[in-house]
Amino acid sequence: MIKFDQVNKRYPGSHQALQNISFEIEAGELVYVTGHSGAGKSTLLKLIAALERPTSGTVLINNQNISHLRSALVPYLRRKFGLVFQDHKLLYDRNCFDNVALPLHINGITGSEAGKRVRAALDKVGLLDKEKAMPITLSGGEQQRLAIARAVVSRPAILIADEPTGNLDATYAAEIMQLFHAFQQVGVTVIIATHDVREIKPHAKVLKLDHGHLTTLRGDQRTQETAA
Amino acid sequence: MKHWLNQHTQALGLVLKRMRKNLLATLLMFIVMGVTLSLPGTLYVIVENLNRLAGSMQTDPQISLFLKLDADRSTAAAIGKKLDAHPSVRAHRFISKDTAWEQIQQDAETAAVSASLERNPLPDAYFVTPEILQPDEIEALQAELQQWEGVELAQLDTSWIKRLNALLQLGKKGILVLVALLGIALIVIIGNTIRLQILTQREEIEVSKLIGATDSFIRRPFLYAGTIYGLGGGLVAWLLLIGIIRLFNLSIADLAELYASGYRLDLPALETGIGIVAGTVLLSWLGSYIAVNRSLSQLNYK
C-alpha cells in the first residue's frame, strides 16, 4: 500500500532530513514512527501524506509514484489520508460541527449527507454533545479528539497522526491511543509518530529513526533484510 | 454537474455570510470603488454630451468671403461666376455692402453704433456653402478662395468647432488615461483587500490545503468576494454618476434658459452603465485572482 524506496529528503539550506529510507506498509497495519525529536519523524509522515516531495527516491502510494505526481493531482491524493497534527490545526473561528465538516465541503459534500457523517464522526470520538461548541472551549484532549473526528469524517483508508499525544497528560494520551487502535481494528491503516515508546502496542510495526536514518524495523522481516 | 453547482453555491454562501458579518467594511469598499470610478464616468458623460453638441452644429460649415473694400461690382460678379463654376461649392449667397449696411442700421441694437459712423465700413461678402464636409478639404477650399483676386478674407466659420473638437479629443484621451490609472488603482485596492482577507483566513487556507483542497476550491470564495466588490462598486459608481448628472442639469437648465435653449446633459445610456459595472467586475476579479494566486504559490506542494 505504501512503499518507500531509497528515499532522501533535504530541505533547501538545511541538513539532510531523511537518508536512504526504504520500507513497506501493508493495508490495515498499525505502524509507529519513533525517534528523538529532529530525527525526521514529521518529515517521513509528510512524505507519506504528499505534503512534501522527496528529493530523490520513490514513494509509492497504492502503486502510484507520488514523487512525480502533477501538482494539480496532489489534492486528490491527500484526500485519501486522514491527518492528525500535533498542534491540532483546528479552526477557532467556527464551531466543532463546522470544523469536522471542512473535509466534506472540500469533497463537495454538503447538506444532510454531510450532517449525518459529521455527527457519526463526532459520535465516534465522544463529542456528539459538543457539536455547537467552539473548539477553544474544549480541553486539550477534546481538541485532539475533534481533530481525529475531522481526520476520519471522509472515511480515509490511511490515518496519519504526528505526535497526537505530545501535549497531553497520560490519561488523555491513553484515550487518544485507544481511539487510533479502534480505527485500526476496523481495517484502517494507522501510522503514528511518537517519541513515547510506552504507547507502542506489541503487535505493531515500528520504524525507528535516528538523525534521518532508519535504524530498526520491527514486524516486517522482508523490509528489515533489505534495510540491513 | 450537481457537485459543481454545490461547490459554487457553497462558496458564494460563505462569502455572503462573511460580508453580512462585516457589513460596514463591505459597504465602505463599495463606496471607495464607486467614488473612484464615478470620476472618469462623469467626465465621460460630459465629453460625450459636448461631442454630441459639437456634432449637431457641424452639419453646415460655411466660408464667409469678404471682398476688398475697393472691389467694384464687376469684381464681385466675376467672383460670383467663379463660385458658380467651382465644383466644391454647393451654394453661395451674395450680400452687398449696401444690403449689409441697411441691415445693421435697421437692427435696433447696432443702430446706435452705425449712426456714429460716417460711411459704410462693410465690404461686399459671399457666404459659401461647400459641397464637401471633410474638415481638411474645406480648409483647402478656404485657402484657395483666399488667393482669389479681390478677396480680402476667406473665413471658415467652423474653426471654433474644430478647436472644440480638438479639445474634446484631448478630453477623451484624458479620460482614457484616467480610466487606465484608476483601473490599475482598482486592481491594487481589490488585490490588497483580498490579500488582507487571505491573511486573516490563512489558517483555514493552510488546513484546507493540507487535507486536500484544490487551488480552485480555495480560490473560489475570494474570487466571488472580488466579483461582489466589483458589482457593488460598479453599481455605486453608476448611481453616483446619475446623481451627479442630475445635479449638473439643475444648473444647466438655468443657464440654458438664459440662452433660450432647452439644453440638458443627457443621462448616460444603459449600455454605459452595464459597461461600467461589467468593467469593474472584471477588474476586481482580476485583482482578486492575482492576490489569491500569489498566496497559493507560497503554499504549493514542493
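This short report looks at a few features of chain B: a nonpolar surface patch, two residues of one helix, and a pair of packed helices. Please keep in mind that the model is predicted.

**A nonpolar patch on the surface**

Let's start on the outside. Five named side chains, Leu24(B), Leu28(B), Ile31(B), Val35(B) and Leu240(B), make up a nonpolar surface patch, and together they offer about 450 Å² of accessible area. Helix H2 of chain B, which covers residues 23-57, supplies the largest share of this patch, with four residues.

**Two residues of helix H2**

Ile31(B), one of the patch members, sits in helix H2 of chain B. Glu48(B) belongs to helix H2 of chain B as well. Here are their accessibilities:

| Residue | Relative accessibility | Class |
|---|---|---|
| Ile31(B) | 44% | partly exposed |
| Glu48(B) | 27% | partly exposed |

Why does Glu48(B) count as partly exposed? Its relative accessibility is 27%, and the partly exposed class lies between the buried limit of under 20% and the exposed limit of over 50%. Glu48(B) can also be placed relative to Leu164(B): 116 residues separate the two in sequence, while their C-alpha atoms are 12 Å apart in space.

**How H9 and H10 pack**

Now for the helix pair. In chain B, helix H9 (residues 215-258) packs with helix H10 (residues 270-299) at an angle of about 150°, and their axes are 7 Å apart. Angles over 145 degrees count as roughly antiparallel, so H9(B) and H10(B) are described as roughly antiparallel to each other. As for handedness, the crossing in which H9(B) passes H10(B) is right-handed.

Note on methods. Residues are numbered from 1 along each chain as its sequence is written. Chains are lettered from A and ligands numbered from 1 in the order in which they are written. This is a predicted model: local features need pLDDT of at least 70, side-chain atom pairs count only at pLDDT 80 or more; totals for chains, interfaces and linings use all residues. Side-chain values use heavy atoms; hydrogens and water are left out. Patches are made of residues with over 30% relative accessible area and no salt bridge: like charges are joined within 9 Å, nonpolar side chains (Val, Leu, Ile, Met, Phe, Trp, Tyr) within 5 Å. Accessible areas come from the Shrake-Rupley method with a 1.4 Å probe; for residues, only the protein chains shown count as cover. A salt bridge is a side-chain nitrogen of Lys or Arg within 4 Å of a carboxyl oxygen of Asp or Glu. Helices (H or I, at least four residues) and strands (E, at least two) are DSSP runs, numbered from the N terminus. Buried means under 20% relative accessible area, exposed over 50%, partly exposed in between (1.4 Å probe, protein chains only). Axes are lines fitted to C-alpha atoms, for helices over the stretch in contact, and angles run from 0 to 180 degrees between N-to-C directions. Angles under 35 degrees count as roughly parallel, over 145 as roughly antiparallel, 65 to 115 as roughly perpendicular and the rest as oblique. A crossing is left-handed if the near helix is turned anticlockwise from the far one by less than a right angle, and right-handed if clockwise.
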